[in-house]
Amino acid sequence: MQTLTSVHDYRQTLLAEISAIGSMLKHADEHGLEQASPCAGWSVLDVARHVEITPRVLADGLEAPALGAVRTSSPLPRSADRTDVTDGLSAGAVRLRRALERMEEADLEVQLAGPVGPMQCRKALQLAVTEIALHRCDIALGLRLEPELSDATATTMLDVIQAWLLLLAASDPRPAQPLCYQFTNGTSSWWFRFDGDTWDSTECAADSTNVCRATAQRSRLVLALTGRSQIEQTATNTTDIETLRQFKSYLPGP
């Protein structure tokens, strides 16, 4: 599986990510939970408290059509301990599994009610995968573990990064002229094109002279573009490193 396409794919991936977070938290010692995470000012336990609500919020949206209203989940308090978080994750996973088991493939295209307005179900699932997987990596890094992402999850996260850039790219810095970035792992490519005014994911012409190219494993690319690993760890070729560093300067976030 190289990308997430079906309800089964999303269910399997989301539940596995939630389970992985719960397992890391249960096996961490108290010192580990207090360690700093890549999220500035947040400990490992802070990240866990923050991400605990994501399965519940997603379940809120998925359950809304059957309930006739959107349930509004509340985040855990800052005083929540490890057990509160793991219990909350487990309960959220149960609700999420049940909601996804009731879904048909056609439901992926419907609009869900949510805390920031209607969103296509597929996009809501992609966003949840990105949120949960990225914070699972934050927890792993805080616990001095190696973060790992499957190719399918990394591909979904790259799709979200593209949408993230299109929506949130800052006015400064911005490219001084039209240009295009192509990131590839040797078999697949991800395009980020700046047309002189806005960003999009349009593939550039093969003979274009303004294409900056870099080759990197997709999971390492995601971690570098989201500030979870050093760009130097992502690519060893000097040109690739410079291309990634330049592009990263246009992305919002750490």
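Modeller: Angles between axes under 35 degrees count as roughly parallel, over 145 as roughly antiparallel, 65 to 115 as roughly perpendicular and the rest as oblique. This is a predicted model, where local features need pLDDT of at least 70 and side-chain atom pairs count only at pLDDT 80 or more, while totals for chains, interfaces and linings use all residues. Residues are numbered from 1 along each chain as its sequence is written, and side-chain values use heavy atoms, with hydrogens and water left out.

Biologist: Are α1 and α5 roughly parallel or roughly antiparallel to each other?

Modeller: Helices are DSSP runs (H or I, at least four residues), numbered from the N terminus. The axes of α1 and α5 are 10 Å apart, at an angle of about 170° (lines fitted to C-alpha atoms over the stretch in contact, with angles from 0 to 180 degrees between N-to-C directions). The pair is therefore roughly antiparallel.

Biologist: How many residues of the contact of α1 with α5 are nonpolar?

Modeller: Contact means heavy atoms within 4.5 Å. Leu14, Ile18 and Leu25 are among the α1 residues involved, and α5 brings residues including Leu89, Ala93 and Leu96. Of the residues in this contact, 5 are charged, 2 are polar and the nonpolar ones number 11.

Biologist: What length does α1 reach from its first C-alpha to its last?

Modeller: α1 has 21 residues. The expected span is 1.5 Å times one less than that number of residues. The model comes close to the expected 30 Å, with a reach of 30 Å.

Biologist: Which helix gives the most residues to the largest nonpolar core?

Modeller: A nonpolar core is a set of buried Ala, Val, Leu, Ile, Met, Phe, Trp, Tyr and Cys residues joined through side-chain atoms within 4.5 Å. The largest has 37 residues, and Leu14, Leu58 and Leu125 are among those with the most contacts inside it. α1 (7-27), α3 (44-51), α4 (53-67), α5 (82-101) and α6 (121-142) each supply at least two residues. With 8 residues, the greatest contributor is α6.

Biologist: Is Leu58 buried or exposed?

Modeller: Leu58 sits in α4 and, not counting residues up to four places away in sequence, touches Leu14, Leu96, Ala124, Leu125 and Ala128. Buried means under 20% relative accessible area, exposed over 50%, partly exposed in between (1.4 Å probe, protein chains only). At 8%, Leu58 is therefore buried.

Biologist: What is the relative accessible area of Thr243?

Modeller: Thr243 lies in α10 (residues 238-248). Leaving out residues up to four places away in sequence, Thr243 touches Tyr181, Phe183, Cys212, Arg213 and Ala214. Thr243 is buried, because its relative accessible area is 8%.

Terms used:
Ala, Val, Leu, Ile, Met, Phe, Trp, Tyr, Cys and Pro count as nonpolar, Asp, Glu, Lys and Arg as charged, and the others, Gly among them, as polar.
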